[in-house]
Each structure stands twice: as structure tokens, then as C-alpha cells.
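Thanks for making the time this morning. I would like to walk through one model with you, beginning with its pocket and then turning to its nonpolar cores.

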Amino acid sequence: MQLVVARIGRAHGIKGEVTVEVRTDEPELRLAPGAVLATDPAATGPLTIETGRVHSGRLLLRFAGVRDRTAAEALRNTLLIADVDPDEQPEDPDEYYDHQLMDLDVVLTDGTEVGRITEVSHLASQDLFIVERPDGTEVMIPFVEEIVTGIDLDKQQAVIDPPPGLIDDRAEVASAREALGEEA
């Protein structure tokens with residue numbers, strides 16, 4: 001199975017280093033020197049990581065054969081893809097690979113069906129489940145422990161406890177005018 005583990009950003013310096021947007025919780029494993037990664041577009045790779053370091057909070061990589069800024073800049077926006085055994089599990093029991101979460105049934109804590117996960121979107125602030133509801137509409141569920149209370153891979157189920165208004169029209173709106181109207 002192939003997993004996207006990073007996206008190459010801009011060139012850094014003049015010796016062929018690039019910044020990378022890490023898309024894995026295990027960069028020390030997936031983006032270590034010596035790792036050979038497939039690429040998208042495929043014609044760019046495969047790429048072998050020669051060196052890696054953190055500079056000002058950003059991971060910088062240099063690939064074998066990439067020796068100058070021009071060559072590094074040509075790699076910009078390339079996706080780095082690692083081959084992973086489909087049975088492999090993340091080290092942390094509370095972490096999951098995207099392929100493990102795809103197609104899980106999403107239910108409320110009382111067992112009410114919400115839908116099925118069709119996509120996991122990785123944003124800067126948090127990850128989101130894109131859930132297709134039985135009627136064909138979609139709802140976005142933040143993948144945070146306050147909302148996603150459990151993942152059961154054996155049952156193929158994600159259990160959620162959403163706040164009012166996240167998946168339906170149960171929003172509780174309180175405004176100063178309503179509060180005054182209720183008091184009168």
C-alpha cells in the first residue's frame with residue numbers, strides 16, 4: 001500500500017535542500033536518510049533521501065543527485081509516497097493511517113447512523129472526516145477526541161459525540177435579545 005508522507009515545498013539555500021510539508025505522524029521513520037520514496041508525478045522519482053535536518057521548525061531534506069537550487073526548485077509540489085505494509089500499525093495505539101479510517105461507519109454514541117467516511121482531509125489546524133450521509137449529502141467531522149470518542153477497527157466504526165449543530169439543525173442559539181425575551 002502506498003501512503004503520501006510529504007509534499008516538497010520551496011528550495012532552501014543553494015545546495016539542493018528543500019522544505020517539506022510533512023503528512024505523516026512518523027517522519028523519523030518515513031523520511032529518514034536512505035529512504036527511497038515514489039513520487040507524484042511519477043516521472044520525478046523515485047527519490048532517495050540523502051540528508052534531513054530541522055531548521056527554524058521546518059524539515060529540510062536533500063535527495064541524492066539534487067545538488068543545486070535549480071534542481072531543488074524543480075521538485076516543488078512533488079508528493080513523496082512510501083510503500084507501507086497494509087497490516088502495519090502506527091506505534092501509538094491512538095493513531096491511525098488514512099486507509100484504516102476510510103469507509104468506517106460513523107455512528108452517534110447512542111448507535112444512530114450518521115454515514116460513512118469517504119475522505120480524511122489534513123488541514124493545518126486539525127484533520128477532518130468527510131462523511132457521506134445515507135441521503136448522499138456530506139458532513140465534515142473534526143477528528144478531535146472531544147468529538148470522535150472512539151475508533152473500533154474490528155467493528156469498522158467511528159463513534160462521535162458532536163456538539164449541537166455540527167451534523168444537524170439542533171444548534172442552540174443564545175443571544176442577548178432572546179435572553180431578554182425569555183425573562184420578560
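How much space lies in the largest pocket? In this predicted model, the answer is about 840 Å³. Thirty residues line that pocket, and those closest to its centre are Asp 25, Tyr 96, Asp 98, His 122 and Asp 127. If we sort the lining by class, we find 15 nonpolar residues, five polar ones and 10 charged ones.

As for where the lining comes from, at least two residues each are supplied by strand S1 (2-12), strand S2 (17-22), helix H3 (98-101), strand S8 (113-122) and strand S11 (148-152), and of the contributors it is S11 that gives the most, with four residues.

Let me move on to the packing. In soluble globular proteins, nonpolar side chains tend to be buried together. Here the largest nonpolar core has 22 residues, of which Ile 8, Leu 31, Leu 61, Phe 63 and Leu 80 touch the most other members. At least two residues of this core come from each of S1, S2, strand S4 (47-55), strand S5 (58-63) and strand S6 (79-83), with S1 providing the largest share, five residues.

Leu 61 deserves a second look on screen: once its neighbours within four places in sequence are left aside, Leu 61 is in contact with Gly 16, Glu 17, Val 18, Val 20, Leu 31, Ile 49, Thr 51, Gly 52 and Leu 80. Apart from the largest core lies another one, of 17 residues, which includes Leu 104, Leu 108, Ile 117 and Val 131.

Conventions:
Residues numbered from 1 in each chain as written. Predicted model: local features only at pLDDT ≥ 70, side-chain atom pairs only at ≥ 80, totals over all residues. Heavy atoms only, no water. 1 Å grid on protein atoms, 1.4 Å probe; cavity = no way out; pocket = protein on both sides within 12 Å on 5 of 7 lines; lining within 4 Å. Points joined across faces, edges and corners; volume = space filled by probe spheres on them. Nonpolar A, V, L, I, M, F, W, Y, C, P; charged D, E, K, R; others polar. Core = buried A, V, L, I, M, F, W, Y, C linked by side-chain atoms within 4.5 Å. Buried < 20%, exposed > 50% of the residue type's maximum accessible area, 1.4 Å probe, protein only. Contact = heavy atoms within 4.5 Å.
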